[in-house]
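Let's go through a structure together and ask how each label is earned. Bring your curiosity, and the reasoning will follow step by step.

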Amino acid sequence: VGGLLSALEKHIEAVKSNSLFQGTDFKLASSHHPLNDKVAVECGFRSLSIRVVKELVTFSSYPLLNPPEVSNAGRHLSAAEFHSVLQSAGRLMKNGSPTDDKQLVLLDARNLYETRIGKFHAPSVETLDPGIRQYSDLPSWIDDNSELLRGKHVLMYCTGGIRCEMASAYIRSKGAGFENVFQLYGGIQRYLEQFPDGGFFRGKNFVFDHRISVGSSDTSIMGACLICGSSYDNYSSRCRCTHCRILVLVCDSCQIKSDAYVCELCQKHRMDFGSIPSVQDGELATVLDKNDLKTVCSDSKISSQLPSRNGNAAPRKLRILCLHGFRQNASSFKGRSASLAKKLKSIAELVFIDAPHELPFIYQSCTEAKNSCAPPSGQHAPPPENCKRKYAWLVASDFGGKVEADWKIANQPFDPLQYQGQTDGFDVSLAYLKKMFSEQGPFDGILGFSQGAAMAALLCSQGDKLKGEIDLRFVILCSGFALPLADFGQKPINCPSLHIFGSDPGKDRQITSHTSRYLASRFEDGCSVIIEHEFGHIIPTRSPYMDNIKDFLRRFL
């Protein structure tokens, strides 16, 4: 909340009067006006947003990861206690406080763009900077570097203390050897309030509003320009990496020469160097030589998923196999998904295929005819060869498997619940998909729409049975539903999944929201992400839905 100090104080008193906010830590921070209109628009508090969420900040790097119990978080240290521990790192302290400076480590729980401009530094105390793009990458870093923490007294810190709650609980959940975890209560902000000269904190504290960063009376600069390496810590220009969009530090002089940049992490993993601004041949070589970060990098899992690249090869995109709905085909689904494909083109390649069960040409009588190829009343039907074939992944039990050469009238009006009776043909579709994975794969995941989503869910329910033949890292299920088949079983499905469907009440007249919500419930807790929208039987591509879809997919890049 932003406003005059007197108004904020009245606001705090009003909120405190509600018992729900008992014990809330209210932070007040003075601020100047935004540097410019661009900063104000990007960071200003222009509206009130209230959301009910499972986590204040998404902790897990993959939906598969169950969040730890926050009640098991590390012990809080006040700013004064935190400072005292660093000041007398080798002295015995009471109540389980750190006792040996050789076993004391500082762990920064923030992102790389934050730690570039400021961090804690204490003599003889090792500081671990994970160098992560986003907070949800931290669990992977902890998993990969747990030996750096085992048996140590770990002092954690972040901007305001929120991120340390989950992260410290995650470390402690690893059991023996990880019990002694402490966290700075109130974060760097509370510490700088207590020690306005900076104390053991060097540089500036990155904040997520128009102030961008807050410093102490110590004016030393910790950051450096990505291009020329000169001292620089000003993010007001909001320069970002061309590939991953992380904020980067680029000085005024280098901004004039180019507006395309590649961050340290993308350079480290050999992404396209062609977009690095060419300052001078000699200077560019110097910049590339400086990419050996003096931190333990969190991207070991990410880099292991990226094939080796040479020269200016583009970074690998996710390959997603797309399964259309009932009585559709690859061509029509591709057309309907054109906007989705366009907005995902930088991170994903969508591959469309026809289902194996070809359906007959049918039409409703008289004015009920909807299909553009269906014969209007009183006219002859167009030749079937002039119409695109329609297919299905699952069919009704009375489906003969033979496609009529001509049109036939539907034996009953359209039934929105017809999908419940389309339960045959799974084995044929499974064999067909195994062949597709063998011939056109590998694929990182599957996107299924309506009946295609039901088919994808059935594949996920197979578990290890399909290992080596159909290996999936994730599924995206749009307007999906579960079928009462033995293959689906009662065991929760363990596969990262994104579920997209219309809200209740919604406009999807074919697959109701509770049907899709039930499908999501069949996946393990912590394994599924849900996006509800107010539209009909479609995949939404406007904000904020598109942003949420991209956020899910970026976890697998």
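Here follow some questions and answers on this predicted model.

Q: Happy to start broadly: what makes up the chain in terms of helices and strands, and how much of the chain is buried?
A: The chain has 17 helices and 18 strands. Of its 557 residues, 46% are buried. About 28400 Å² of the chain is exposed, and carbon and sulfur atoms supply 50% of that area. As for contacts between residues at least 6 apart in sequence, 72% join residues at least 24 apart.

Q: Why is Leu-112 called buried?
A: Buried means under 20% relative accessible area. Leu-112 has 5%, so the label fits. This leucine belongs to helix H4, which spans residues 112–115.

Q: Which residues does Leu-112 touch, leaving aside those up to four places away in sequence?
A: Leu-112 touches Gly-131, Ile-132, Ile-246, Glu-264 and Leu-265. There is also a C-alpha to C-alpha distance of 7.6 Å between Leu-112 and Pro-130, which are 18 residues apart in sequence.

Q: Glu-264 is one of those partners; is Glu-264 buried or exposed, and how do you know?
A: Its relative accessibility is 13%. Since the limit for buried is under 20%, Glu-264 counts as buried. Glu-264 sits in helix H9, residues 264–268. Its C-alpha atom is 8.0 Å from that of Leu-226, a residue 38 places away along the chain.

Q: What makes strand E9 a mostly covered strand?
A: E9 runs over residues 318–323, and 6 of its 6 residues are buried. On one side the buried residues are Leu-318, Ile-320 and Cys-322; on the other they are Arg-319, Leu-321 and Leu-323. Both faces of E9 are therefore covered, given that buried means under 20% relative accessible area.

Q: How do you know that E9 pairs with strands E10 and E15?
A: Pairing asks for at least two bridges between two strands. E9 and E10 (residues 348–353) have 6 bridges, in the parallel sense, and Ile-320 stands opposite Leu-350 of E10. E9 and E15 (residues 445–449) have 4 bridges, also in the parallel sense, and here Leu-321 stands opposite Ile-446 of E15. Both counts satisfy the requirement, so E9 pairs with E10 and with E15.

Q: Why is Cys-251 not counted in a disulfide?
A: A disulfide needs two cysteine sulfur atoms within 2.5 Å. The closest cysteine sulfur to that of Cys-251 belongs to Cys-254 and lies 3.6 Å away, so it is too far for a bond. Cys-251 is buried too, because its relative accessibility is 8%.

Q: What about Cys-460: how far is its sulfur from the closest cysteine sulfur?
A: The distance is 3.9 Å, to the sulfur of Cys-495, which is too far for a bond. Cys-460 has a relative accessibility of 9% and therefore counts as buried. A search of the whole structure gives 0 disulfides.

Q: Why is Ile-162 called partly exposed?
A: Partly exposed lies between the buried limit, under 20%, and the exposed limit, over 50%. At 46% relative accessible area, Ile-162 falls in that range, so it is partly exposed. Ile-162 is part of helix H6, residues 162–172.

Q: And what makes Ile-162 eligible for a surface patch?
A: A patch residue needs over 30% relative accessible area, and Ile-162 passes because it has 46%. Together with Val-53 and Leu-56, Ile-162 makes a nonpolar surface patch of about 310 Å².

Conventions:
Residues numbered from 1 in each chain as written. Predicted model: local features only at pLDDT ≥ 70, side-chain atom pairs only at ≥ 80, totals over all residues. Heavy atoms only, no water. Patch = residues over 30% accessible without salt bridge, like charges linked within 9 Å, V, L, I, M, F, W, Y side chains within 5 Å. Areas by Shrake-Rupley, 256 points an atom, 1.4 Å probe, with all protein chains shown as cover. Salt bridge = Lys/Arg side-chain N within 4 Å of Asp/Glu carboxyl O. Helix = DSSP H or I, 4+ residues; strand = E, 2+ residues; numbered from the N terminus. Buried < 20%, exposed > 50% of the residue type's maximum accessible area, 1.4 Å probe, protein only. Contact = heavy atoms within 4.5 Å.
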